[in-house]
Structures are given as structure tokens and as C-alpha cells.
Amino acid sequence: MNPNSPSTNRKPTTPVIAPTPVIARTPVIARTPVIAPPPVIAPIPVIARAKPEAIQNRNLDRHGPAGLATTTPPRSGRWFATTLTVSVLAALTLPLGGCNYFASADTWAARAETAFAHAEFQSARLDVAKALNKDPHNARALVVSARLMLKSGNAAAAQRQLDSAIHAGMPSANLVELQARILLAGNKFRAAESLLENDRGLPGPRRADLLSEAQIGVRHFDEAAATLAAAAKSAPDDAELQIAQARLALAQNRTDAALAASAAATQADPHSAMAWFLRGKALLRKGSATDAIAAYRNAHRTGMAQLDLPQYSALLQELGNAQMDRQDIDGAAETLSELDRRFPQALGDRFLHARMAVVQQDYATAVNDLQPVLSAAPDFVPARLLDGAALLYSGQPETAEAQLLGLISKYPDNLEARKLLAQVELALHRPADARRVLSAAPAGAADAQSNWLMGMALLQSGSVESGIGYMERSVEEEPGQANARLKLAQVYIASGKGAKATALLEAWKPAERSVESEHLLVAATVQGKSPATARKALADLLASHPDDNALLAAAGTYSISLGDFAAAEDDLGRALQRDPKSIDAMMGLAQLRVRQSRFDDAQSELRAVVRADPKFEPAYWNLAALSARKGDRGGAEDILRRSISANPSAVRSRLMLAELTLSGGDAKTARSLLDQATKVAQNRAAVQDAAGRIMLRGGLADQALAYFNSAVSGGSGPARVDAARALIALGRNDEARQALSSIADTVPMEKLSAELLLIGLDVGEHNIAGARHRIAELRSQGLPAYAAAELDGNLDMYLKQYDAAGREFARALAAQPVPGLAVRVFQARVAAGTSDPQRVLIDWTKQHPEDRTVPMALAQYYAGSQEGRKAIAIYERLMQGTAQPELPLLNNLAYLYTEAGDPRAVETARRAMELAPENAQVLDTYGWALVRSGKAQEGSGELEKAAKADSSNQDPAIRYHLAVALAQTGDKSRAQDLLSSLLHSPATFPERADAEALQKKLQ
């Protein structure tokens, strides 16, 4: 009664989750980096309703954009709707009590004039209504009404009220300034210019201010400059003239002049909303977004009183967009709230809402918010760019492509559109098209972002060196972009350029360093070095950065991967002494405890992380994995639910919980969790791909395929290969082959994965020559020799050419010494019947004493070769210094102790059972140890649990052991039934002869 085979555990422990490495903050870097740049969205100007040519011919700054931002205020708002007539205004007046009832229309008109002059607009409206209720033809009241209509942005209504006032007897000569302002607000620049050129009544500065605005509107810039210069001779310090100078400079794109003029205006009148508004515009053009926001806030303080509503709406829009550009999301949300309150129907408000939705990853809402904007202003480029980005990131790259192609056909020199289209082409796995789009940009137009995208396109095309060159240029052009430098370091490491990555990362200032950069620095330092050389390089790195605690924690975590637990303990311990709240050091220590099989200590470390940072999701993942490892699925699910409760945007926790619920048979809840994860994810396509893999592992290939297809639409490259896997699982091999061939031919980054699946299809169809040819092609295209040798070896194993497989695996092992290849050499030699096949395992163990994988395989071989004592010796050596050994080690050792009659069998089996109290094989070992130690009654109870857990009768030894226990406790009838059923089945197991002997004895 010995273990089943040399290559597997005596007791299959499939349901038991193997020791799970604690996941560090920094993800593992793939060999070929996939770096998605952020959406290319240029700073957004305020929207204008006028046609493009009108926008160019109109200065929008005195009265704001006479367009999208200027819409009819709501009827229930604090401003009158534009459709209100004089009679309606009058009807709104309630009967007044007291002596006011007898006040004349002129009295109410005078009060309205005073209220308007003091910016008490609500009172002015009420007083105008009362005046016109008394006398609908009162000229003074009609003039105030015209001013109020102009204030609300309704130039047409203001003109009607002004005409009524003139008809009622108000001299037109007294209304030139108001008439000019109404014409300017209605974009009637030539009429305003003619009116003002013929006027001689206005003061010189006021006339020059208005006339220059009209001249700017018809793009008569020289005339406007002359007008202002003449007026400035008599009033050089006039704030309104300085504001007009700033307006002219902005219209001519003379940003420095606009800054100088607006500075002079704000000094002359520190409370002028328009002066600060224009200064904000000039600062924003200069690239000083922070200073621009401050200027806009100064304008905002007095803006409601001084600016017309279209101007005030434009101010809020520009402030909100500037805040978005500076990633001041809270400030933008506050500004947007005021826009919603005052101008809920303004299309500029919808546009800002769309920008906010993009930042919040709610791309579907962004697309919906942009539709009315695009309908009203189809040529508004920023809105079309934002729509393209939202379509791309909502998983509609084809629609985004069509949108952007149309935009570029009309505006071929727009670099922002080209950059965004390049992102779309990269998402559609068309790097050649991305290169073509970027290459067609105007000469000299390239910037840091377009160079980065070109680098990405070249990388995806397989031109690694050229791609890196463009990325380096991008980083040189914008050295302050830490994220780009971090990604360049990732590319260096993935491309085997560790020295370049080290130089890049070590040049960072201490304030720039992050957890990710420190992990990358460690990875770059040790890249391509042997373990001994890597340890020396790591020591030198730490010595050169003695005060860098994050680097110390990263080095400790890396030492774990080297198997140098002593160095890891020292580094992580010192990191925690320096900073007891270091999350990275605590996570590293938890990972070390797992590797040491001290699982209770690992849980304690992870709980400490949760106490220090209740929202740190990786700690929950690993706590859940440790609970699942013990067979406590319910506990694991509770931990993951706590993670989601602490951090509603948690993605990985939802994915893990979905997989656990799916394994429990609840597919409906699993799908709900996967859909939730997709909604809260930043990278939805990647999460949809992960969801598909979960469904595929759960046996739901059709639903998995739906997730994969959605991920592909969203731009996920790996999802294309995963979709082919789902097609294979569904038996649709022809479709899978067609898809994989397309990937292998056009997407270098996914080529290897696609080719491996195609090799599998070839083998499944007995096309061995085709499989061999693919492996040879991969070898010729740069696949490392050890990887190609392993593929050949796997194919030889399938063909039962074990000697050839052993040679290939040995060749791979020599080039890439990893435990898995040592075990593969051993397995091939066992299958070939080679003498002393275990020699490769023995040699490996001597050369790598810290490794535990190979010794476990060697112990299993000895156990299956009737050399139990040797197996026990290996297991006991692995147990030394390990407070909580791996479950397979405990289970196998307990079984060997049982077979050898060792009194330690029961206690060892009990420890294994405590780790996995619901695992059938572990319960069987414990129950059998009890029976063999003379405790048949107690053992039969554990064996009954084991048989119940093994409901599909996958392990016939469990029923044999239960039959022995029943026979010993006197239940011979049931024992005979079990044996009869067992021996009539075709099942083979080492104890079959013993079972036959027991059956004869009981008859």
C-alpha cells in the first residue's frame, strides 16, 4: 500500500489550493510590454454657438460666446426667460398694499434703475414689472428692461424693448452705448461699427472700447489698434481701454501682449471681472493653468454682478475646463455644480459633464452628454475629440475610428485628432495604420505624446529598437512626466536593457521615487545576473541608497524570489524597524511567511496590513487565498466581501469572489460579480478578458466567449487569443485556427501565444509535421533555444518518444536552470525506463538546497519505488525549520508514517487535516492513520467523511480503507458490500490485492 506513482502525490490533493505567493504592489513585467497611453485630449476651449467662421470673426470676451453657452434660462430660474413679454412681466406683479400702490410708473422705473446700477437684478426686475404694470409704455422702464434682457443674454428681446423705449419717446442719442452693446451681443459687428463711427456723444474711452470690439469682430485688427491707441493718448490708465487692448491681443494670438495688457487692467481695477477673465485666458494659452485658474477665480468673485449671463457662463466653463486640465476634479465638480444650477441647458455644461464622465471612466455617459453638443456644433473639434476618446474607451473603437477619420479629413493638420486616432488603431491591433496616421502629421508638429505613440506602434510591429528610440525622445521632450519615465524603464527591462533602466531610475530625485520605481530598480539591477551576482549587485545598490526604505523593502521581496530567506528576513525586518507602518515591508514579510509555510504568521501580517490600510486590496486577496487553501471557502468569500465593502471600486476582489461562487455552482451570482467588476474597472477590456477566463475555467465556454469578444472590442490583445481558446473548448476548431492564424500574422505581441495554441491544434489533429514546422519557425524568429527545446520535448512526450523528450528537456534545462525543467527531464527518463532517472533530481537538490519543488518530486519517486525511508528522510528535512509545512508534504509524510508503523502518523495526519478539514484525500489519510494505530471506531468516522467528500468515487483507496475500518468495528455486512462494489469496478489502486484478500476473509 504505497503511493500511486513516481510523478504524482500518493494522495491527489487537487481541491487544495497550493501555497499562494503574496502579491506585491508592483505587477510582474511581461517580456513584451503593453503600455496603454492615456487618452489624448487637448485643453478644451469654451464652446461657441456661432458657425466656425463666425467664431473666428467675433470677440467673445465682453459678452461671452454668443452661442452654445448662451441658452434660454429655465422658466423657473432666477432670470426671466427670453420669451417673456411686457404683459407677462406685468402679470407677475402682485397687488401692493400701502402707499406703494399709488407710486407712479416713473417712481418704479427710477427704483429699477438704482437697483440695476447696484447689481440688484432681482429687485430691478420686480420694479420694472411694477412700472410697466402701471404704464406699459414707460420709456425709462423699457430701457431698464432692455438692459435686463441684455444681461440675460437675449439680444433680440433687448432690441425689442429698446425699440419700444425709443417709440415711447426716449431719444436715441441717449441710447447709443446700449444699442452698441446689443448689436455686439447679437454678432452684428458692422452695424455696431457704423453706429459708433458716426457717434459723437459717448466719452472717448467708452466709444473706443466699443468700436474696437466691433472692429475685432470684423477682423479689422489694424483699425482696432489705431482706435485704442488714439484713445489711450488722453486716458492711458483707463481700465476699460486696457481690457480692450488685452481682447485685441488675444484675437491676434499675441499672448505676451495680452498678459501685459490684462496685468495693467487688473492693477488699474483689481475688482474688474472682465480683466481677470481675459488674464485667465492669456495665462491658459501660455500654459500656466494654475495661474489661469486663480485668475478665473478672481473673475468669479464679481462676475455675477459685472458680466452678462453668457459671459458668466463662459467664465464658469473655462474655469471648469482649466480645473479638469489640472486634474482638480473636486474643484471642477464644484464649478460644474454651479453651471448645473444656473445654466442647466447650456451645451457647454453638457460638454463639461462629458469631460467629468471620461475622468470617472463612465464613457457611455460621456458619449450621451456629447450628442446634443455635436448636433448643435458638429464642427466643434474638442467635442469630437472627446467623443472619439469616449467611444474608444467604451469599447467602440470602430465607431471612434470613423468619427476621427471624418475629423482628420476636414482638419488634416490637427495633431490631437491624429494622436487619438493612432490610439484607436493600436487598440484595433493595427500598428502599421497608427504609424501611417502619425507620419502624415504636418512637419515639425510632433510632440512628446505623438512620439510615444509612434514608439508603441513600432514596438507592436516588432521594431523594438526603433520603438524605444521614439519613447526616449518623448521622455527627453517632457522630462517631468514621471509616469512616462516609469513605463520606459519597464520597456527597457522587458527588452533586456537592465543597465539603461537602472541609469534612468537612479537619476530620479528622492521626492520622485515610488513603490513601483523601487521595484523596477531592483529588477533592473539584477536582470540577467546569476543568483550570486544578483545578491552582490543588490547589496551594492542598497549601500548606495542607505536611506531609501522603500528600496530596502523591494530588495527584501526580491530576495524571497532568490530563495535567500535570511537576506529577505534581514531587509524586511530593517525596513519595518525604520517604518513600522510600511505596507510594502509588511506585504513582503507576509510573502516570506508563506514561502516558509508559516501560514498563521502570514495571516497575522496581512491582518496588520488591513488594520494599517483598510482599503489595501491585495491584503484581502491573499487572506482569502490562505483561507481557501485551508478549504474554508466560506471564510474566503467573507474576506472578499469585506474587501469590496471597504473599497467599492475593488476589481480583483470581485473577480476572486466570482470564481469562488462559480466553483460552488452559483453561476448567476458569479456573472453579477463579473459585471460589477467590469463597471468599476479602469481598464474594462482587461477585466472582461479576466472574466472570460474565469467563465472558461468554470466550464462555461459560450459565456466566456461573449466576455472575450467584448474585451477584444475594447482593445484587449490577449483577449483575442483567449477567444480562440473558448472556440476550441466549444469544438469550433476551424474558427479558432482562422483567428489564431490572423493573430500570428499581424500582432507580434500575441504571436507566441497564438502559435502555441496552433501547435496544440496541430497535435490534436495528428498533424505532427505541422507542429514541428511551427516550432522550427518560432525558433528561427527568435524564440529562445530553451523554450523551443521544451516545446519539442513536450511534442516528443505526446508521441511517446521518451528518450528524445529527455534530451530536449535536458538541453532546455542546461540553458534555463529552473525546477520545472528538472522535473520534466526526470519524468521523461522515468517514462523511457532509464536507469537511475532520479539522478537529475538529486543533482538539482545538491546545487539548489533552498528549492522545495524538486525534493518533493524526488520524495514522491522514492515513495512509489518502495523506498519509503528515503522519501521520509526528504520530507523530514523539508519540515525542519518550518512551523507550518505545505499540505502535500504533511499528507504524504503522514501516509508514509502510517505505512511504516511510525507512531507520529496520527499527529502528522491530524495537522494536515486541520489545514484542509473538507479535503477527501486528507481525511482519508487521517482516518487510515487512526485505523492502523488501533483506533478503528474513531477512524471509521473520518473515513465516512472522506467517502462523502469523494462523492464521485475518484479515489478507490478511500472505499477500501473504509471497508477495513467497518470490518474492524464489526459492520462486516457493509464492509462486504463496499468491497464487492469496489472490486467489480475497473478501478486500479495499489491496495487491490489487499482488498481481494479482505473480501475472501469476510465471506
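**Packing of α11**

I started with what α11 packs against in this predicted model. Its buried residues sit against four helices: α9 (204-217), α10 (221-234), α12 (255-268) and α13 (273-286).

I then checked how covered α11 is, and 10 of its 13 residues came out buried. On the buried list I find A239, L241, Q242, I243, A244, A246, R247, L248, A249 and L250. So Q242 and R247 are buried along with the likes of L241 and I243.

**Length and ends of α11**

Next I looked at the span of α11, residues 239-251. At 1.5 Å a residue its 13 residues should cover 18 Å, and the end C-alpha atoms are 18 Å apart, so the two agree.

At the start of the helix I looked at D238: one of its side-chain oxygens comes to within 2.9 Å of the backbone nitrogen of E240. Past the other end I noted N253, which follows α11 and has a positive phi, near 60°.

**R384**

I moved on to R384, which is in helix α19, residues 381-393. Is it buried or exposed? R384 is buried, and I found no salt bridge for it. The nearest side chain of opposite charge belongs to D379, 4.3 Å away. A salt bridge needs the charged atoms within 4 Å, so D379 at 4.3 Å misses the cut-off.

What does the side chain of R384 have as a polar partner? I get a polar contact of 3.2 Å with the side chain of Q403.

Last, I listed the neighbours of R384, leaving out residues up to four places away in sequence. R384 touches L374, P378, D379, Q403, G406 and L407. Both D379 and Q403 are on that list.

How values were computed:
Residues numbered from 1 in each chain as written. Predicted model: local features only at pLDDT ≥ 70, side-chain atom pairs only at ≥ 80, totals over all residues. Heavy atoms only, no water. Helix = DSSP H or I, 4+ residues; strand = E, 2+ residues; numbered from the N terminus. Buried < 20%, exposed > 50% of the residue type's maximum accessible area, 1.4 Å probe, protein only. Lys, Arg positive; Asp, Glu negative; His and termini not counted. Polar contact = N/O pair within 3.5 Å; in protein donor to acceptor, adjacent residues only side chain to side chain. Contact = heavy atoms within 4.5 Å. Expected span 1.5 Å × (residues − 1).
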